[in-house]
Amino acid sequence: MQEIKREDLIAKAAQLLADGTVDRVIGWKKGEFDYDVTPAVFTTKEELENEFVWNDFCGANFSKYIKKEAEKSESKVMAFLKPCDTYSFNQLLTEYKFDREKVYVVGVPCNGMLDDSKIKESASGISSVTEENGKVVVDTLYDGKITLERADVLAERCANCKSKKHAAYDELLGTEGEVLDSKRFDEVEKLEKMTPDERFAFWQNELSRCIRCNACRNICPACTCEKCVFDNPASGVENKAISDSFEEKMFHIIRAFHVVGRCTDCGECSRVCPQNIPLHLLNRKFIKDINGFYGEYQAGAEVGSRAPIVDYTKEDLEPSEAVERGEENA
Amino acid sequence: MRKISLDKLDQLFAEISSKSALYIPVDTAAGAKFEKYDGTKKMSDALNTVRSAKDFFFPQTENLVDFKVEGKTIEIKETVKEDEDFVVFGVRACDVKSFEILDRVFLADPVDNFYKNRRDHGIIVSMACTRPAETCFCQTFGIDATAPAGDIECHKTTDAVYLEAKTDKGAKLLKSLNALTEDADASAVEAQKAQTKEVFKKLPLAGLDASAFGDGKTNEFFNAPEWKTLSESCLGCGTCTFVCPTCQCYDIKDFNTGHEVKRFRCWDSCMYSDFTRMAHGNPRLTQVERFRQRFMHKLVYYPTNNEGIFGCVGCGRCMAKCPINMNIVKVMKKLGGNK
């Protein structure tokens with residue numbers, strides 16, 4: 001259950017459209033079912049009333065759409081942003097990816113989003129997903145109503161939410177939250193405790209499932225190259241096929257390196273992966289290492305901050321020391 | 001019709017796999033997938049595999065030819081080899097139908113030898129559906145999920161699997177399993193089919209109608225203004241095309257290993273920026289055109305070239321996997337007018 005109601009979001013969007021603050025609204029559009037929500041641009045109150053949705057399945061991060069819309073026109077676009085989305089928003093601003101003046105941000109509190117694939121593990125033939133008394137109630141074709149604990153079907157990234165506090169907004173609806181002390185590095189620690197062989201086997205198993213659909217890259221707020229090197233036939237590394245069963249590690253590891261210090265840990269890569277590869281763990285490993293080597297750093301917490309990896313201070317770890325510490329972990 | 005009790009299913013798998021490679025759907029942490037039977041694997045009850053069964057006949061990548069240039073000589077190495085027979089067990093009706101759609105492309109003149117080789121050697125043992133999902137819409141395309149056909153058609157009840165040969169290839173395989181199976185009458189199967197058909201009538205997409213699309217409708221839909229809004233949130237990833245059982249586009253490329261050249265074929269996606277890129281560039285400059293291509297191909301171009309047969313089988317994989325939940329059902333409803 002979310003704190004703010006759909007009607008309140010529609011009223012806010014309609015007001016901003018009516019008073020001319022913005023002429024487009026990026027929001028979520030309802031689908032065929034309760035869970036298949038699609039990001040969309042709304043321009044009228046009628047569209048909002050007919051198709052806008054705000055429920056437990058509005059997990060999609062709008063970064064790619066904000067960038068695209070901000071480039072489109074001189075007028076402002078409004079975007080509803082959850083706390084985690086605002087970190088991506090700030091990071092894009094830090095990289096000068098769009099003009100801040102073109103976007104009006106309405107912050108919305110988020111109580112965590114649900115993962116429909118987790119719901120489908122317990123329910124088939126889903127007719128509706130609603131909430132009653134803090135529990136998720138799934139009406140099904142075969143087994144009637146199934147009641148699930150919210151915590152059991154929460155998206156992984158939401159179960160490990162790093163912040164309920166917005167890092168940016170022009171206007172906030174509802175109550176502001178706090179930066180949280182999450183357990184998001186627990187899984188990384190498990191990987192660190194493995195032997196190199198075990199870890200290799202873990203990633204080989206995970207990455208060998210990659211079908212190179214590029215969904216992780218295309219949704220990633222940090223992947224904003226105008227032309228990805230892997231899409232460029234002139235680059236010499238353009239590749240839409242997997243040349244061997246473990247070649248995929250190169251694509252994913254290169255991508256993870258490329259977003260180091262810029263990845264806000266929004267978790268979209270893992271959400272969209274059709275093969276359920278836990279790609280976020282690669283990024284979290286880098287974030288954990290940066291925190292350990294250079295002090296706590298959260299990409300997107302503030303606009304204009306310099307990631308330790310591209311910054312220099314006299315206190316910086318010497319490369320040799322980083323290698324030694326890495327070996328301790330190996 | 002023959003039957004085998006569920007507790008003897010492992011023996012059936014062992015028998016089949018003793019003569020040829022056998023693939024069955026198994027549950028994994030990442031969803032159901034076809035895996036080679038090794039004597040221990042258990043058949044998944046999942047409605048469908050994450051990736052479709054087209055992979056058996058049209059793999060994501062395959063080597064077509066290798067060549068080596070030395071001075072003025074070119075050495076050409078054939079990579080195609082005669083496949084051995086293999087059996088795919090538990091293919092759903094939607095995927096069985098997808099083979100027919102692929103056949104019309106790859107077996108039409110000029111015949112694709114790589115594909116034909118695998119089709120000739122593959123035996124399809126289908127499995128009737130009993131619990132379709134809310135994302136299923138095979139019936140829109142006239143597919144009966146309770147009669148999935150293939151070489152052998154199976155129906156799984158609470159205590160047995162019923163098997164019926166549908167082709168000569170299937171009859172031969174089924175006969176070779178006679179020691180394990182027994183004769184059965186069709187009453188249990190018929191009762192189950194009737195029950196499942198009732199479920200199909202209640203599915204949320206039961207009323208989805210494709211009749212607005214089809215043969216000769218290119219001009220009607222090509223310039224529809226709706227393509228712009230339908231495609232506006234498309235990320236241009238290849239998920240829908242790669243989980244799709246009927247997507248058939250591919251690219252052929254050379255990979256220089258440093259000492260020889262491998263010419264390989266790999267799946268391509270109309271969603272990608274370099275899809276059908278030619279000397280002058282890509283004919284589809286924006287995602288609107290790329291997006292339109294995918295759905296026009298399935299709903300209009302394919303039927304136009306194939307006696308009205310649609311290029312979609314309603315398996316629902318794209319509905320389940322699209323990162324932003326845009327899919328052919330939403331396209332059909334928006335363009336076809338049936339809300």
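**A helix crossing, a sheet and two contact surfaces**

In chain A, helix α3 passes helix α4 in a right-handed crossing. I begin there, and I should say at once that the model before you is predicted.

The axes of α3(A) and α4(A), the latter spanning residues 83-94, lie 10 Å apart and make an angle of about 45°. Angles under 35 degrees would count as roughly parallel and 65 to 115 as roughly perpendicular; α3(A) is therefore oblique to α4(A).

Which residues meet at this crossing? From α3(A) come Ser63(A), Ile66(A) and Lys67(A), and from α4(A) come Ser88(A), Phe89(A) and Leu92(A). Sorted by class, this contact has 3 nonpolar, 2 polar and 1 charged residues.

Let us turn to the sheet of chain A. Its 5 strands are arranged in the order β2-β1-β3-β4-β8, forming an open sheet with mixed pairing. The edges are β2, residues 38-42, and β8, residues 171-172, each of which pairs on one side only. Helix α3(A), residues 63-72, returns here: the helix packs on the sheet and touches β1, β2, β3 and β4 of chain A. The direction of α3(A) makes about 150° with that of β1(A).

Within the sheet, β1(A), residues 24-29, and β3(A), residues 77-81, run parallel and are joined by 3 bridges. Where in β3(A) does Val25(A) find its bridge partner? The partner is Met78(A).

I now move to the contact between the chains. On the chain B side there are 38 residues, and these are in contact with 35 residues of chain A. The elements of chain B that give two or more residues to this side are α5 (187-202), α8 (239-243), β11 (250-256), β12 (261-267), α10 (317-321) and α11 (328-336). The largest share, 3 residues, comes from α8(B). In terms of class, the chain B side comprises 19 nonpolar, 9 polar and 10 charged residues.

Finally, I consider chain B by itself. Its domain assignment gives domain 1 as residues 2-202 and domain 2 as residues 218-336. The centres of these two domains of chain B, taken over C-alpha atoms, are separated by 25 Å. How many residues does each domain of chain B bring to their contact? Domain 1 brings 32 residues and domain 2 brings 27. On the domain 1 side, the elements giving two or more residues are β4(B), residues 61-70, and α2(B), residues 93-106. That side of domain 1 of chain B divides into 16 nonpolar, 8 polar and 8 charged residues.

Terms used:
Residues are numbered from 1 along each chain as its sequence is written. Chains are lettered from A and ligands numbered from 1 in the order in which they are written. This is a predicted model: local features need pLDDT of at least 70, side-chain atom pairs count only at pLDDT 80 or more; totals for chains, interfaces and linings use all residues. Two strands pair if DSSP finds at least two bridges between them. Helices (H or I, at least four residues) and strands (E, at least two) are DSSP runs, numbered from the N terminus. Two residues are in contact if their C-beta atoms, placed from the backbone, lie within 7 Å. Axes are lines fitted to C-alpha atoms, for helices over the stretch in contact, and angles run from 0 to 180 degrees between N-to-C directions. Ala, Val, Leu, Ile, Met, Phe, Trp, Tyr, Cys and Pro count as nonpolar, Asp, Glu, Lys and Arg as charged, and the others, Gly among them, as polar. Domain bounds come from an automatic or database domain assignment. Angles under 35 degrees count as roughly parallel, over 145 as roughly antiparallel, 65 to 115 as roughly perpendicular and the rest as oblique. A crossing is left-handed if the near helix is turned anticlockwise from the far one by less than a right angle, and right-handed if clockwise.
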